Amino acid sequence: MVLAFLLPRLRRLQPGRAMSTATGSFSLQQPLNYRDGGRVQPADGGQAEDVYEPATGRVITKLLCSGEKEVDLAVRSAKAAFQTWSQTSGMERCRVLLEAARIIRERRDEIATLETINNGKSIFEARVDIDISWQCLEYYAGLAGSLAGEHIQLPGGSFGYTRREPLGVCVGIGAWNYPFQIACWKSAPALACGNAMVYKPSPFTPISVVKLAEIFTEAGVPKGLFNVVQGGAATGQFLCHHPDVAKISFTGSVPTGVKIMEMAAKGIKPVTLELGGKSPLIIFSDCSLENAVNGALMANFLTQGEVCCNGTRVFVERKILDTFTKEVVKRTQKIKVGDPLQEDTRMGALINRPHLERVQRFIQQAKEQGAQVLCGGDLYVPDDPKLKNGFYMKPCVLGNCRDDMMCVQEEIFGPVMSILPFDTEEEVVERANNTKFGLAGGVFTRDIQKAHRVVAALKAGMCFINNYNISPVELPFGGYKSSGFGRENGRAAIEYYSQLKTVCVEMGDVESVF
């Protein structure tokens, strides 16, 4: 998943009001697939799966998994819409994307509330996610009219030129931690380049993406340009194997990313993979302590810790280890956990019961391997009786950690921070890079030369200096090593949603060698 927590922009945004929808009262009866400009039941829906409200543990709707026939219908619909959309000018696509951004901005609170109900994150964070979503559409609307090739002068008056052309029907497969935002991160550059998209959200969070599909249609895209199919692994396989799919963009786990890459290889389809992480956050003794503590909290506890680029390995220079740890523990204990639709809640519920139990097992294993639970880590039951079956836990800080512990090596994807001491710059860089992942990394220090030196040495695709988890849509986002390849956001994403055609024009007669 991908996180973009834009603090400077957040400060400029006026606080909004949540919808009147109360926790524990939401239910949905509408179809969750979207094809040909409307909600539909899948033509060959498989088994029904429960969709939960994490805050209460309630089932809020049923999801019908799409089979091969429904996937084919969605791809065919997108292919037909592509024929029209790909022939529009960049300025025409710009206007439609700007209108979609306007609608999202206007319905910010409604969409954020749906996101909170289905995902469990605080309404405070969900509003920021929606703001980032419309900003993403605005950004790529601005680029749509500027997409161009180049002219190359050749000898004798001949010349060549390049054309940047769309790929066709692109598939987006999203994660459950940022359902609406990830869908915008994938669809905005795809549509700006003239492509169509069939999108499959996580079966855990299927609701808000259908709202995005409706907004695109309302904004003026051809019917079928952005279709939604629901389902799990089998539905994803049908999408990846479909012969009319030109490209696949996936956000999720490393094992699933490997399988998608294997399936795409059989059709020689380009892929963008945004996978897991176990990112280092390096705190030097010459840092601003308050800022470093803020950064560590941002790097570990946003969205209940369910963020792929989180800096969960917090390396602290030994000189300030005790002071830093004490302050982090004090601040962590003050984080309000509870009903995510309440304005003062800062940590909501984890996505589901199995995931909560998985995080709990990591903490238990850490204790068995010698780590010390400095605070949190246990289940949390809010006072409100309607929340008693929700998937809550107290944010956890682990001390006395070593590099060989499972809690330090593996992605927990929960609100668990591991603190590790270090003594020298050379040592910490080597330890920071000693991982199969390479999504992100952060450095806190007042020595700006050291900061740039360290981030240059980190084997990670997204690095932060004296901040963390701030990923503006203008900047490319993606990882090294097992964290994937390809880039979301920025101008770099244009390269992954378009292809280059070269044209050579001869102004004289062809000289044959035969």
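Start by selecting Arg318: at a relative accessible area of 44% it is partly exposed (buried means under 20% relative accessible area, exposed over 50%, and partly exposed in between, using a 1.4 Å probe and protein chains only). Before you click further, note that this is a predicted model, where local features need pLDDT of at least 70 and side-chain atom pairs count only at pLDDT 80 or more, while totals for chains, interfaces and linings use all residues. Residues are numbered from 1 along each chain as its sequence is written, and side-chain values use heavy atoms, with hydrogens and water left out.

**Stop 1: Arg318 and its partner**

Now add Asp423. The two side chains form a salt bridge, 2.9 Å from N to O (a side-chain nitrogen of Lys or Arg within 4 Å of a carboxyl oxygen of Asp or Glu). Asp423 sits in the loop between strand 16 (416-422) and helix 14 (425-432), and Arg318 in the loop between strand 13 (313-317) and helix 11 (321-333), so the pair ties together parts that are 105 residues apart in sequence. Helices (H or I, at least four residues) and strands (E, at least two) are DSSP runs, numbered from the N terminus. Asp423 is partly exposed too, at 43% relative accessibility.

**Stop 2: other charged pairs**

Side chains of opposite charge can pair when their charged atoms come close. How many salt bridges does the count come to? It comes to 31. Pick Arg163 and Glu165, whose closest N and O atoms are 2.8 Å apart in a salt bridge. Arg163 is partly exposed at 41%, whereas Glu165 is buried at 14%. Next, try Lys386 with Asp384, a salt bridge with its closest N and O atoms 2.6 Å apart. Here Lys386 is partly exposed at 38%, and Asp384 is partly exposed at 27%. For a network of salt bridges, select Arg35, Asp36 and Glu70 together.

**Stop 3: Arg487, without a salt bridge**

Jump to Arg487, in the loop between strand 19 (484-485) and helix 16 (492-496). What is the nearest side chain of opposite charge to Arg487? It is Glu274, 8.9 Å away, and Arg487 is buried with no salt bridge. For charge, Lys and Arg count as positive and Asp and Glu as negative, with His and the chain ends not counted. Show Gly479 as well: its backbone oxygen lies 3.3 Å from a polar atom of the Arg487 side chain. Contacts of Arg487 (heavy atoms within 4.5 Å), leaving out residues up to four places away in sequence, include Thr272, Phe477, Tyr480 and Tyr496.

**Stop 4: the largest nonpolar core**

Select Ile104, Ile283 and Phe324, which touch the most other members of the 159-residue largest nonpolar core (a set of buried Ala, Val, Leu, Ile, Met, Phe, Trp, Tyr and Cys residues joined through side-chain atoms within 4.5 Å). Helix 5 (residues 123-144) gives the most to this core, with 13 residues. Domain 1 (33-275) and domain 2 (280-473) both give residues to the core, so it lies between them; the domain bounds come from an automatic or database domain assignment. Around Ile104, beyond its neighbours within four places in sequence, look for contacts including Ile130, Trp134, Phe180 and Leu212.

**Stop 5: Gly338**

Finish at Gly338, in the loop between helix 11 and helix 12 (353-368). Gly338 is buried, at 4% relative accessibility. Beyond four places in sequence, Gly338 touches Thr345, Met347, Gly348 and Tyr392. Add Asp383 to the view: Gly338 and Asp383 are 45 residues apart in sequence, with 8.8 Å from C-alpha to C-alpha.

Terms used: Polar contact = N/O pair within 3.5 Å; in protein donor to acceptor, adjacent residues only side chain to side chain.
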